[in-house]
Amino acid sequence: MKLSKLAGKSVNKRTKPLPAGAKSPDGPGLRQRKLQATRERLTRRAMALFLERGFEATTIDDIAAAADVSRRSFFHYFASKEDVVAAWQEGAAAALVAEVVARPAGETMLTAAENAIAAALKRIDPAEAAAMSRLKRDNPALRARDQLKYEKLERALAEGLAHRARTKSDQLKARLVAMIATGAMRVGGESWIGGGAREKPEAFVKRTFDAIRAILE
C-alpha cells in the first residue's frame, strides 16, 4: 500500500469524532470531568461544614446533602470523613509542587521551596487555615492522618525540586531540601498556630526560612 494512502487512513482515524464521554488524548472525557467536579464539590462542602460545626458534629449525611448527592454516592468517592480531609491535603500538596516547578530556574532549591510555599499560602484564607489546623490538632484520627500528610508532602516536594536537578548530587540535594522545607512547614505551622495565627502566613514563612539559613551558615 502506498504511503499516501496510509497517511490518509491515519489522518481519518485521528479525526474521527470521539463517542460521548470518551477520553480524548488531550484531556479527560466528559464523564471523568463530571466525576472530578462532584469529588471537588464534596470536598469543598465537607471542609466548610467541618470548619463551621466541627469534625465530629458533621455527619456524612450532612456532607451529602450539602453537595446535593446521596449518601450512597458519597461512598463512591470517599470511604470516610477522614478521607475527605486527606483529599483536601493532597490537593494542597499538588498545588505546592506546581508552584515549585514554576519558579525561575535561577533560584536555588531552598529559595524555590520558600517562594513556592509563600505563593501557595497566599491563596489560603489564614483564618480557615488556622481553624483547620486546630480541627486536626483536636481530633486523634485527623492528627494521625496529618503525620502521613507531611510524608507525602516531602515526597511531592522532592519530585518537584528534582526538575531542577542536573546531576546525581543535585538529586540528593532535592531530597534534602524537601525534607528541610517540610520540617519547616510542620514546625512553623505549629508555632504559627501557637502564636494565635496573628502574623501573615507568608511573613511567617520568610522568618522561618531565614532561621533555616542562619542554621546552615
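Is Phe74 buried or exposed? At 0% relative accessibility, Phe74 counts as buried, and I would like to start from that residue, keeping in mind throughout that what we are looking at is a predicted model.

Let me begin with the rings. Searching the whole structure gives three aromatic pairs. One of them joins Phe74 to Phe75 in an edge-to-face arrangement, with 5.3 Å from centre to centre and 85° between the planes. The two partners sit in unlike surroundings in terms of accessibility, since Phe74 is buried at 0%, whereas Phe75 is partly exposed, with a relative accessible area of 38%. Phe74 also pairs with Phe78, and here the geometry is tilted, the centres being 5.8 Å apart and the planes 45° from each other. Both Phe74 and Phe78 are buried, and the ring pairs link Phe74, Phe75 and Phe78 into a cluster. While we are on rings, I would also point to Phe55, because the charged end of Lys81 sits over its ring, 4.5 Å from the centre, which is within the 6 Å cut-off for such an arrangement.

Now to the charged pairs. How many salt bridges does a search of the whole structure find? It finds five, and I will go through some of them. Arg53 is bridged to Asp62, with 3.1 Å between the closest N and O atoms. Arg53 is partly exposed, having a relative accessible area of 44%, and Asp62 is partly exposed as well, with a value of 25%. In another bridge, the side chains of Glu107 and Arg103 meet at 2.7 Å, N to O. Here Glu107 counts as buried because its relative accessibility of 17% falls under the 20% limit, while Arg103, at 24%, counts as partly exposed.

The bridge I would like to spend a little longer on is the one between Glu114 and Arg213, whose closest N and O atoms are 2.9 Å apart. This pair links distant parts of the chain, with Glu114 in helix α6, residues 109-122, and Arg213 in helix α10, residues 201-216, the two residues being 99 apart. Glu114 is buried at 10% relative accessibility, whereas Arg213, at 24%, is partly exposed. Which residues is Glu114 in contact with, leaving aside its neighbours within four places in sequence? They are Val205, Lys206, Phe209 and Arg213, so the salt-bridge partner appears among these contacts too.

Finally, let me turn to helix α9, which covers residues 168-194. This helix has 27 residues and reaches 39 Å from its first C-alpha to its last, close to the 39 Å expected at 1.5 Å a residue. Its buried residues are Ala174, Val177, Ala178, Ala181, Thr182, Ala184, Gly188, Trp192 and Ile193. What do these buried residues pack against? They pack against α6, α7 (126-137), α8 (140-162) and α10, and two of those helices, α6 and α10, are the ones that carry Glu114 and Arg213. Just after α9 comes Gly196, which takes a positive phi of about 85°.

To draw this together, the predicted model has a cluster of Phe74, Phe75 and Phe78 linked by ring pairs, a salt bridge between Glu114 and Arg213 that connects helix α6 to helix α10, and a helix α9 whose buried residues pack against both of those helices as well as α7 and α8.

Key. Residues numbered from 1 in each chain as written. Predicted model: local features only at pLDDT ≥ 70, side-chain atom pairs only at ≥ 80, totals over all residues. Heavy atoms only, no water. Salt bridge = Lys/Arg side-chain N within 4 Å of Asp/Glu carboxyl O. Buried < 20%, exposed > 50% of the residue type's maximum accessible area, 1.4 Å probe, protein only. Helix = DSSP H or I, 4+ residues; strand = E, 2+ residues; numbered from the N terminus. Contact = heavy atoms within 4.5 Å. Phe/Tyr/Trp six-rings, centres within 6.5 Å; stacked < 30°, edge-to-face > 60°. Lys NZ or Arg CZ within 6 Å of the ring centre and 35° of its normal. Expected span 1.5 Å × (residues − 1).
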